[in-house]
Amino acid sequence: MRLRRPPLSDAHMAPRLRPIKTGRAERGAAALFLATMVALATGSLTLLSYVNRQDYRDGGALQERREAVAWAQDALVNYMQLRGRLPCVASTVGGPEDCMAGAKGYLPVAELQTVGNGGQSRF
């Protein structure tokens, strides 16, 4: 013998959902949000391309600086090996060493070139 369930009343049934009608204001807000997102994405891409272009332009200058530092390092090592000391600073840019100039000055490129390090100065 099988038991039958009594039919459920309407109070126990889930209410039927009606579709939500969107008004003009909601559609306008969505369009405004979408336009803002597109503008932000476009601006971000433009900014990134500008920054990458600047890095590319400065790449040559960066390579020149690296070569100049490498030249100076080699020249200083050669100078120290030959003379047993580091050179004094120069009082002018690219000038010879001037031990009376004090602790502040420029790299004595003229003095380092006399020792020779197998290349031209990058300064």
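**Figure 1. Glu97 and Arg85 pair in the loop between H1 and H2.** Glu97 counts as buried, at 19% relative accessibility. The cut-off for buried is under 20%. This is a predicted model. The partner of Glu97 is Arg85, and their side chains meet in a salt bridge with an N to O distance of 3.1 Å. Both residues sit in the loop between H1 and H2, so the pair ties together parts that are 12 residues apart in sequence. Arg85 is partly exposed, at 35% relative accessibility. Side chains of opposite charge can pair when their charged atoms come close.

**Figure 2. Arg83 and Glu111 form a salt bridge.** The structure holds two salt bridges. In this one, the N to O distance is 2.9 Å. The pair links distant parts of the chain. Arg83 belongs to helix H1, which covers residues 24-83. Glu111 belongs to helix H2, residues 109-115. The two residues are 28 apart in sequence. Arg83 is partly exposed, with a relative accessible area of 42%. Glu111 is buried, at 15% relative accessibility.

**Figure 3. A disulfide joins Cys88 to Cys99.** The count for the structure is one disulfide. The S to S distance is 2.1 Å. The link is right-handed, with 85° about the S-S bond. Cys88 and Cys99 both lie in the loop between H1 and H2, so the disulfide ties together parts that are 11 residues apart in sequence. Cys88 counts as partly exposed, at 23% relative accessibility. Cys99 is also partly exposed, with a relative accessible area of 49%.

**Figure 4. Seven residues make up the largest nonpolar core.** The members are Trp71, Ala72, Ala75, Tyr79, Val109, Leu112 and Val115. H1 and H2 are the elements that give two or more residues to this core. H1 supplies the largest share, four residues. In soluble globular proteins, nonpolar side chains tend to be buried together. Leu112 is one of the core residues. Leaving out residues up to four places away in sequence, Leu112 touches Trp71, Ala75, Leu76, Tyr79, Pro87 and Leu107. Of these contacts, Trp71, Ala75 and Tyr79 are listed in the core too.

**Figure 5. Phe33, Met37 and Leu40 form a nonpolar patch on the surface.** Together they have about 320 Å² of accessible area. Phe33 is placed in helix H1. Phe33 is exposed, with a relative accessible area of 54%. The cut-off for exposed is over 50%.

**Figure 6. Tyr106 contacts a run of residues that includes Val93.** Tyr106 lies in the loop between H1 and H2. Tyr106 counts as partly exposed, at 44% relative accessibility. Setting aside neighbours within four places in sequence, Tyr106 is in contact with Val89, Ala90, Ser91, Thr92 and Val93. Tyr106 and Val93 are 13 residues apart in sequence. Their C-alpha atoms are 5.8 Å apart in space.

**Figure 7. Lys104 is an exposed residue of the loop between H1 and H2.** Its relative accessible area is 74%. Lys104 and Ser91 are 13 residues apart in sequence. In space, the C-alpha to C-alpha distance for Lys104 and Ser91 is 8.4 Å. Ser91 is also among the contacts of Tyr106.

**Figure 8. The whole chain has two helices and zero strands.** This view gives the setting for the close-ups. The chain has 123 residues, and buried residues make up 14% of them. The chain exposes about 10,900 Å². Carbon and sulfur atoms supply 60% of that area. Among contacts between residues at least 6 apart in sequence, 36% join residues at least 24 apart. The salt bridge of Arg83 and Glu111 joins H1 to H2. The core that includes Trp71 and Leu112 also draws on H1 and H2. The disulfide of Cys88 and Cys99 lies in the loop between these helices.

Terms used. Residues numbered from 1 in each chain as written. Predicted model: local features only at pLDDT ≥ 70, side-chain atom pairs only at ≥ 80, totals over all residues. Heavy atoms only, no water. Salt bridge = Lys/Arg side-chain N within 4 Å of Asp/Glu carboxyl O. Buried < 20%, exposed > 50% of the residue type's maximum accessible area, 1.4 Å probe, protein only. Disulfide = S-S within 2.5 Å. Patch = residues over 30% accessible without salt bridge, like charges linked within 9 Å, V, L, I, M, F, W, Y side chains within 5 Å. Areas by Shrake-Rupley, 256 points an atom, 1.4 Å probe, with all protein chains shown as cover. Core = buried A, V, L, I, M, F, W, Y, C linked by side-chain atoms within 4.5 Å. Contact = heavy atoms within 4.5 Å.
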